[in-house]
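Biologist: Could you walk me through how the strands and helices of this model are arranged? I'd like to take it one question at a time.

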Amino acid sequence: MKRKHGIALFAAVAIAATVAGAAYQLWPRKGGPAASGSSVVVEQVYAARLVDLNGREQSLAQWQGQVLVVNFWATWCTPCREEIPGFVRMQERYGPRGLQFVGIAIDQPDQVAKFSREFHINYPLLMGGPDTLDLMLQAGNRAGVLPYTLVIARDGRLVSREPGGLKESRLERIIQPLLMPVTSG
């Protein structure tokens, strides 16, 4: 009987340690890669050059000066599939106020093209490669979760890192203060 209790206690401690370790790796903190070097992360994002669905190389620097939402995703990722319709709506609604979504797919180009047509994606999609995984790691995604979203303000500040599925209402709260005001003509 004591042996069973010992094994159960050991298993409970092991599970708690695993959960604590994962939380520690994901939790942004001062001095760690997830919090420090935000300007370095933004520089790396702007320096990234990836191909689009037409095979043309694109630089993320072309979107400097806009509120940039960079979403790392894949077609086979269920939370990605759930959040993308909201991104499409938000690009439509807030694009004229300076919002720019860019999707970086960790996937096969033919699957991404099919997905783009099916979901009527209205923002640029770029194909991620091996360097993209390193970029996600440097951006604080040590667990390599998808989706993973970065929000960068017009002035180049890294405003938010969002591991996992992102609700439209949460993203709106993040971007609203960053957008240009509506002007009446």
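Biologist: Which residue of β2 is the bridge partner of R49?

Modeller: Happy to start there, keeping in mind that this is a predicted model. Strand β1, residues 49-52, is joined to β2 by three bridges, and the two run antiparallel. Within that pairing, the bridge partner of R49 in β2 is S59.

Biologist: Nice. And which are the edge strands of the sheet?

Modeller: The sheet is open and has seven strands with mixed pairing, in the order β2-β1-β5-β4-β3-β6-β7. An edge strand pairs on one side only, and that description fits β2 (57-59) and β7 (158-163).

Biologist: What angle does the direction of α5 make with that of β3?

Modeller: Two helices are worth placing here. α4 lies across β3 (67-73), β4 (99-105) and β5 (125-127), and runs at about 170° to β5. Helix α5, residues 130-138, packs on the sheet and touches β1, β3, β4, β6 (148-152) and β7. Its direction relative to that of β3 makes about 120°.

Biologist: Are α3 and α4 parallel or oblique to each other?

Modeller: The axes of α3 (residues 78-94) and α4 (residues 109-119) come within 11 Å and cross at roughly 55°. Angles under 35 degrees would count as roughly parallel, and 65 to 115 as roughly perpendicular. The pair is therefore oblique.

Biologist: How many charged residues does the contact of α3 with α4 have?

Modeller: From α3 come R81, I84, P85 and V88, and from α4 come F115, E118 and F119. By class, five are nonpolar, none is polar, and the charged residues number two.

Conventions:
Residues are numbered from 1 along each chain as its sequence is written. This is a predicted model: local features need pLDDT of at least 70, side-chain atom pairs count only at pLDDT 80 or more; totals for chains, interfaces and linings use all residues. Side-chain values use heavy atoms; hydrogens and water are left out. Axes are lines fitted to C-alpha atoms, for helices over the stretch in contact, and angles run from 0 to 180 degrees between N-to-C directions. Helices (H or I, at least four residues) and strands (E, at least two) are DSSP runs, numbered from the N terminus. Angles under 35 degrees count as roughly parallel, over 145 as roughly antiparallel, 65 to 115 as roughly perpendicular and the rest as oblique. Contact means heavy atoms within 4.5 Å. Ala, Val, Leu, Ile, Met, Phe, Trp, Tyr, Cys and Pro count as nonpolar, Asp, Glu, Lys and Arg as charged, and the others, Gly among them, as polar. Two strands pair if DSSP finds at least two bridges between them.
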